[in-house]
Amino acid sequence: MRQILSLLFLLITNISISFAQSQKVSYYFAAHPDDWQLFMGVNAFKDIAAASAGNSKVVLIYTTAGEYNCYNLGVNTPYYLSRQAGANRSVQFCSDIYSPHATWNTSIVSISGATNHNILRSTYKNIVSYYLRLPDGCFERKNTSISKLADHTVRSLEAVDSSTSYRGYEDLVRTVINIIDFESNAGQSEVWINASDWDPLTNLDDHPDHVQTGLLATEAANRIDYANVALFEGYHSCTEASNLAPDEIAMEAGLQSQLSFGLTDNGWESEWDPQDSCGHVDWATRNYFRVYSTAAKAKVSNTGLAINPNPIRNTVNLTYKIMEKGPVSITLFDSYGNLKAILVNENKDIGIYTINYEAGMLPTGNYIIYARSSGNLNTLKFMKL
Amino acid sequence: MIGIKKIALILLSTILCINSYCQYAAVSFYIVAHPDQWQLFMGNDAFNDIVKKTGNEQSKVMLIYTTAGDESYNGNTPDPNHYLAREEGARNSVEFCADIHGDHIPWVLDRILVRGHSILKYTYKNVVSYLLRLPDGCNGNNISGQSLQLLHDSLVQSITTVDSTTTYSGWADLDSTLREIVGNEAANAPHLYFNTADADTATNQGDDPDNIYAGKLCMDAIAGMQGISLKLFQENKIANLPVNLNDKDIATKAALLSQIDYVRTMRGLPTAWTTLNLMYLSRNYFRTITK
């Protein structure tokens, strides 16, 4: 019902929904305003090119404001606006190669999660940007961060511009799902979700905001069940060999150039650092990703996590499959994002396991189980009668 | 502490540099025909020069654009929107490089008189640009009836800027004007570097005549100068030569082209992000002469 209300709101506020007939929608989840250019630039460039021709759509979802208020520098409000300006320049640069210059349309839209959220939404031709403006968690994982919201260290998280507050991680997940549902016409389009790889085995030592945003995107994809997911390496990629052709390097560099200009034009430091041995220019010359799941495969992978019975009244049997030895975490949340139980939190060998959980004390309602193991995140919904 | 050091540097540079007649340790000149030429063909040298020199009060970079780059292929009067967009793109390229060091600052815009000719001069930190705004020769088609090539070959007796601010009465007048600009801006700096298109058409085949004749103009203007280093760049033909730049150098040239293209497309001009221009980004061919 909330989703329907939100969609009505969008219609009333005269937001263009001319993309409803799009054949493909590509989502780029970026923790910070420069992430998609640096780590997913080639894919994004090609997708924006196609969208600019009018046959598809790109949706950029920026989870944090990227205000980089990490070292007691004070509240650098203009900094995140400068990064946002740079990100918009990147979009416009790329899009205008393939179709005539147009005007930006920007408005505040209301998207529901557990509660309604006012979110800044900009459109440029067929490229849509959502700026959630959550606090930059910094590499040190500040308390006001998506990571801390996800692990329930904090109960809520407010946008840096105070436009909204998310009451629990589940609220954020549901908000993102509703954005995806709306922009892709509830699965009527081919959907690709691109985000940072959250698996430390393939994406070592990445920024916690990147990792958590990747988890958020994957979780949303798993639940909507119609998305393909590609996961990209982040900081670590600079230690790997350059793997781009000259024209692809040009794409990423062209995007990054605009981002840097947005910063310096507003008085902030440039991000163009060719002298550094592992800096932005190195990232712009590499692009490593894996296809985590396709829409078909996502359904198959979810069968690794099974519950019986469903709906449940008292005892429930949970079966899960471990494909690789390592740490396993299985947690149970209610639909409002409240942690109800930690079912498993230990190293496991390869194998199939079953646990019994006494759920009789759970209130009636919908619940979600998250199973994390090396390289995999599975979710499963069930109903308690 | 940083503030005291910065103030001391500003005072020192003010003492050393009054207007353009300051004593620089090194000056690098880029003498080109069009607003995108140094980025496409000399981009890595120019980037490094601007970055190094804006971080060093003792050095500067001179960008001298001979034509407006109006590309008046339709034969109509040059469209100011067209050449102003290209000029703005060139300025953004400069800013992109120059702002890697130090704070963003406003541009200083002057019109100066050189041998009686009114010439546009833009200054951004230690990067000085002269815009002569002569008519674009349109790749040898000389549609406006005036071009550097026609002037050099005495097929026209004079050439007037596209904004009608001045007229040069022959190649010698233009040569003398450029010579004076170089002399003023070099200001006895002990190290002078010149970068331009290779005017030898046997080495630099197939280049735009505007580029070739900007190269010839440069060679004429510095004739007789000693103790200088000269880089002569091959241009259009490099698209057919092997890729010879590393990834970071390709990225740098792409970053410069991105700045040009952003303004072009925003102002309604066709994109410069073309297959041919992208081929230039990964290649850099030149010869060096020391006199």
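Here is a short walk through this predicted model, with helix H8 of chain A as our guide.

Let's begin with the overall layout of chain A. The domain assignment splits the chain into domain 1, covering 2–295, and domain 2, covering 304–384. Between the C-alpha centres of these two domains of chain A there is a separation of 29 Å.

Now turn to H8(A), which runs over residues 246–264. With 19 residues at 1.5 Å each, H8(A) should span 27 Å, and the 26 Å between its end C-alpha atoms agrees with that. Look at its surroundings, too: 18 of the 19 residues of H8(A) are buried, so this helix is largely enclosed by the rest of the structure.

One neighbour worth finding is helix H3 of chain A, residues 41–52. The axes of H3(A) and H8(A) are 9 Å apart and meet at an angle of about 85°. Because that value falls within 65 to 115 degrees, the two helices are roughly perpendicular to each other. On the H3(A) side, the contact is made by A:Gly41, A:Val42 and A:Phe45, which meet A:Glu248, A:Met251, A:Glu252 and A:Leu255 of H8(A). By type, the residues of this contact are 4 nonpolar, 1 polar and 2 charged.

From here we can move on to where chain A touches chain B. That contact draws 26 residues from chain A and 28 residues from chain B. On the chain A side, helix H4 (77–98) and H8 each supply at least two residues. H8(A) gives the most to this side, with 12 residues. The chain A residues that touch chain B divide into 11 nonpolar, 11 polar and 4 charged. H8(A) thus appears in both settings, meeting H3(A) and contributing to the side that touches chain B.

Methods
Residues numbered from 1 in each chain as written. Chains lettered and ligands numbered in written order. Predicted model: local features only at pLDDT ≥ 70, side-chain atom pairs only at ≥ 80, totals over all residues. Axes fitted to C-alpha atoms, helices over the stretch in contact; angles between N-to-C directions. Helix = DSSP H or I, 4+ residues; strand = E, 2+ residues; numbered from the N terminus. Parallel < 35°, antiparallel > 145°, perpendicular 65-115°, else oblique. Contact = placed C-beta atoms within 7 Å. Nonpolar A, V, L, I, M, F, W, Y, C, P; charged D, E, K, R; others polar. Domains from an automatic or database assignment. Expected span 1.5 Å × (residues − 1). Buried ≥ 20, exposed ≤ 12 C-beta atoms within 10 Å, placed from the backbone.
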